[in-house]
Amino acid sequence: YAPYDAGMAAIDSPFAFCAGTKDIWVSVTNFGTQQIDTVTVNWELDGVSQTPVVYRDTLDTAGGKGVMTAQIKLGSATFGSTGRTLKVWTSDPDNEIDTVNMNDTMSAVIKSSLSGTFTIGSRAGRDYSTIAAAVDDLNKFGVCGPVVFNVDSGTYAAVKMEEIVGASATNTIEFRGISPSAT
């Protein structure tokens with residue numbers, strides 16, 4: 001353990017949302033043996049540096065009686081169906097050198113949840129080439145409206161669909177076969 005070791009705990013939001021401008025929230029933790037009163041949270045969106053946020057409040061140590069994790073709003077950005085890469089990292093806990101860097105950085109691809117009609121098939125112009133790719137997006141990003149997948153005829157591998165965030169009696173998910181003569 002090092003005395004000054006602040007790091008990323010989570011990228012909290014946005015998660016499972018319809019396209020639009022969303023706030024970006026992250027959680028930082030004091031992993032060190034020394035209480036800290038400041039930590040800088042740096043961030044990039046699609047490789048472009050954004051204005052760092054300096055958190056100024058006490059973060060206690062593990063086993064201490066105070067709070068050791070804080071949620072911080074970094075800013076807002078517009079997200080749609082194309083993934084955007086968010087990278088966040090901490091620096092300068094209490095204006096000291098953080099000698100433990102393995103927990104400093106996190107990144108995630110963020111995009112809006114699915115809503116609307118999509119096509120699955122190996123031909124050009126399809127939204128997804130396989131059912132597995134479509135289900136992967138459902139599992140990662142959820143839905144924010146009804147979703148229909150029109151599936152070209154063909155042979156597809158079995159897939160595992162998890163509980164989909166946002167799915168409901170209104171926000172349904174449907175897979176429909178497309179007749180070869182209809183396309």
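This is a short talk on the fold of one protein, and the model is a predicted one.

Let's start with the overall build. The protein has one helix and eleven strands. Read from the N terminus, the order is β-β-β-β-β-β-β-β-β-α-β-β. So where does the helix fall in that order? It comes after nine strands, with two strands following it.

Now the dimensions. The C-alpha trace spans about 70 × 30 × 30 Å along its principal axes. The radius of gyration is 21 Å, while a compact globule of 183 residues would have one near 16 Å. Buried residues make up 39% of the 183. The accessible surface is about 9,900 Å², and 50% of that belongs to carbon and sulfur atoms. Next, contacts along the chain. Take the contacts with a separation of 6 or more: 69% of them join residues 24 or more positions apart.

On to the sheets. One open sheet has three strands, in the order 1-2-6, with antiparallel pairing. Its edge strands are strand 1, residues 6–13, and strand 6, residues 69–79; each pairs on one side only. Neighbouring strands here are turned by 25° against each other on average, direction ignored. Look at strands 1 and 2. Strand 2 covers residues 20–30, and six bridges join it to strand 1. For a landmark, find G7: it stands opposite T29 in strand 2.

A quick reminder on pairing. Strands of a sheet pair through backbone hydrogen bonds, and the pairing can be parallel or antiparallel.

Now follow strand 3. Strand 3 pairs with strand 7, antiparallel, over six bridges. Here V41 stands opposite T90 of strand 7. Strand 7 also pairs with strand 8, residues 105–110, again antiparallel and over six bridges. In that pairing, V88 faces M106 of strand 8.

Stay on strand 3 for one residue, T40. Is T40 buried or exposed? T40 counts as buried, because its relative accessibility is 13% and the cut-off for buried is under 20%. What does T40 touch, beyond residues up to four places away in sequence? The list is P52, V53, V54, W89, T90, S91 and D92.

Next, the nonpolar cores. The largest has 22 residues, and V28, I72 and L74 have the most contacts inside it. Which strands each supply at least two residues of this core? They are strands 1, 2, 3, 5, 6 and 7. Zoom in on L74. Setting aside neighbours within four places in sequence, L74 is in contact with I24, V26, V41, W43, V53 and V88. You have met V41 already, opposite T90. V88 is the residue opposite M106. There is also a second, separate core of 14 residues, and among them are F118, V135, V147 and V151.

F118 takes us to another sheet. F118 has F149 as its bridge partner in strand 10. Strands 9 and 10 pair in the parallel sense over six bridges. They belong to an open sheet of three strands, in the order 9-10-11, with parallel pairing. Why is one side of strand 9 and of strand 11 left without a neighbour in the sheet? Both stand at the edges with a single partner strand, so one side of each has no neighbour there. Neighbouring strands in this sheet are turned by 10° on average, direction ignored.

That's the tour. Questions, please.

Definitions and conventions: Residues numbered from 1 in each chain as written. Predicted model: local features only at pLDDT ≥ 70, side-chain atom pairs only at ≥ 80, totals over all residues. Heavy atoms only, no water. Pairing = 2+ DSSP bridges. Helix = DSSP H or I, 4+ residues; strand = E, 2+ residues; numbered from the N terminus. Axes fitted to C-alpha atoms, helices over the stretch in contact; angles between N-to-C directions. Core = buried A, V, L, I, M, F, W, Y, C linked by side-chain atoms within 4.5 Å. Buried < 20%, exposed > 50% of the residue type's maximum accessible area, 1.4 Å probe, protein only. Contact = heavy atoms within 4.5 Å. Rg over C-alpha atoms; globule rule 2.2 N^0.38 Å. Areas by Shrake-Rupley, 256 points an atom, 1.4 Å probe, with all protein chains shown as cover.
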